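Here are a few exercises on pockets, a cavity and a bound ligand. Have a go at each one with the structure open before you read the solution.

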Amino acid sequence: MISRTSYFFLLLFICIVALGALPAVHAQAQQNSQAVRLRLWNIHPEGYPVTVALDSFAAEINEQTKGRISVQVFSNATLGDQPKAVSMLKSGELDMGEFGLPPLTEAVPSMKAITLPFLFKDTAHMFRHLDGALGARFRERLAAAGFVVLGWYDGGARSFYCTNKQLTGPRDFKGLRIRVQGTEVFKEMITLLGATPMGVPYKEVKTAFDEGKIDCAENNLPSFVSAGHYKSARFFFQTEHVITPEALVISSSAWRKLSADDQKLFLAAGERSAKKMRELWVKQVEEAKVVARKAGVVFDRPIEYGAYVARMKPLLQKYWTNPDTKDELVTILAN
Ligand code: GTR
């Protein structure tokens with residue numbers, strides 16, 4: 001039983017403690033109100049090279065700024081698919097994202113040049129350009145369109161895979177329903193192969209296979225495995241028809257809110273995360289192949305590429321004569 005006096009002293013004690021804690025609470029509130037929280041969208045699951053690199057980017061920013069800026073990574077498309085993420089980035093609901101080329105080429109049409117089939121010899125050829133003058137030109141144009149690039153990631157070499165059709169040559173594509181990313185270049189490429197392009201969101205491709213809505217799709221090996229496509233599509237045809245980059249970007253409006261020093265920090269951390277991602281990617285491609293082979297996926301390669309390139313002629317000519325893409329193509333083909 002507490003006496004009135006002890007009760008009084010207890011109350012007094014509580015008040016003193018609470019008053020003493022006030023400045024700390026206030027300081028905390030002030031700190032929180034100044035803290036910048038950035039939301040980063042990612043389509044890939046845990047463990048995927050992109051996800052690992054983004055997590056290390058976020059950790060570096062949080063650590064270097066001692067929590068003054070925190071980057072929260074939302075992986076596995078939990079905030080929605082790629083088009084939704086782009087509109088959220090524009091409206092300010094989202095600050096950052098790791099995007100494949102479709103939304104970027106929409107914003108900067110000259111970038112369509114680098115999505116053309118059979119353009120880059122290999123990944124080294126692609127990064128030589130993206131890490132050089134061409135990449136700098138794209139960065140400038142993307143920034144003007146609302147996307148500040150912090151690092152070029154590897155989007156891999158894309159190949160075709162089908163459920164019931166073992167592809168061996170260009171004629172085999174006739175009549176197939178092939179899922180592609182919804183860009184003009186990709187759709188035209190499929191049509192020129194005599195197939196029908198199907199615009200299915202990435203996260204719905206596996207179901208589309210299982211429900212018989214598509215016959216084939218095309219993607220890189222790590223996505224083929226991580227998205228579970230290899231469980232439905234047993235025939236993998238290694239055309240490597242498009243070698244593509246991706247990008248870690250921050251919206252221009254979020255970028256402008258950062259101090260010059262923080263911008264430097266973001267660029268350096270972005271570059272480091274891209275380097276990490278590219279290294280992890282090489283390993284992941286090999287590992288994905290092992291997983292797919294073990295699961296019974298059959299791998300084939302085209303015997304020669306001339307017949308494919310010949311089919312792509314109208315597409316290549318179109319962009320070759322387009323003033324938006326001509327300079328980019330000249331630069332790439334000359335080097
Ligand atoms: C993945 C890529 C994604 C997305 C996806 C797709 O390889 O990383 O950004 O473009 O392919 O095919 O939609």
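The model you're looking at is a predicted one.

**Exercise 1. Find the polar contacts of the ligand.**

Solution. Start with arginine 179: one of its polar side-chain atoms lies 2.8 Å from an oxygen atom of the ligand. Next, take arginine 158, where an N or O atom of the side chain is 2.8 Å from a ligand oxygen. Then go to asparagine 219, which has a side-chain N or O atom 2.7 Å from an oxygen atom of the ligand. The cut-off for a polar contact is 3.5 Å between N or O atoms, so the pairs at arginine 179, arginine 158 and asparagine 219 each make the grade.

**Exercise 2. Describe the ligand's surroundings and say how much of its surface the protein covers.**

Solution. First, list the shell: His44, Gln82, Gly100, Arg158, Arg179, Gln181, Tyr202, Asn219, Asn220, Ser223 and Glu246 surround the ligand. Now sort these shell residues by class: one is nonpolar, seven are polar and three are charged. Last comes the surface. On its own the ligand would expose 320 Å², and the protein buries 96% of that.

**Exercise 3. Work out which pocket holds the ligand and what lines it.**

Solution. The ligand sits in the largest pocket, which has about 810 Å³ of space. Of its 39 lining residues, Gln82, Pro102, Pro103, Gln181 and Gly182 are the closest to the centre. Elements giving two or more residues to this lining include helix H3 (82–91), strand S5 (177–180) and strand S8 (235–251). Helix H4 (101–107) is on that list too, and its six residues are the largest share. By class, the lining splits into 17 nonpolar, 12 polar and 10 charged residues.

**Exercise 4. Do the same for the second largest pocket.**

Solution. Its space comes to about 320 Å³. There are 17 lining residues, and those closest to the centre are Ala157, Glu240, Trp281, Val285 and Glu286. Strand S4 (147–162), helix H9 (221–226), S8 and helix H11 (260–294) each give two or more residues. H11 gives the most, with five. The class count is seven nonpolar, five polar and five charged.

**Exercise 5. Look for closed space and classify what lines it.**

Solution. The count is one cavity of 30 Å³ or more. About 30 Å³ of space lies in the largest cavity. Pro117, Phe118, Phe160, Met189, Leu193, His241, Tyr308 and Met312 form its lining. Sorted by class, that lining has seven nonpolar residues, one polar and no charged.

Note on methods
Residues numbered from 1 in each chain as written. Predicted model: local features only at pLDDT ≥ 70, side-chain atom pairs only at ≥ 80, totals over all residues. Heavy atoms only, no water. Near = heavy atom within 4 Å. Polar contact = N/O pair within 3.5 Å; in protein donor to acceptor, adjacent residues only side chain to side chain. Areas by Shrake-Rupley, 256 points an atom, 1.4 Å probe, with all protein chains shown as cover. 1 Å grid on protein atoms, 1.4 Å probe; cavity = no way out; pocket = protein on both sides within 12 Å on 5 of 7 lines; lining within 4 Å. Sits in = over half its atoms within 2 Å of the grid points. Nonpolar A, V, L, I, M, F, W, Y, C, P; charged D, E, K, R; others polar. Points joined across faces, edges and corners; volume = space filled by probe spheres on them. Helix = DSSP H or I, 4+ residues; strand = E, 2+ residues; numbered from the N terminus.
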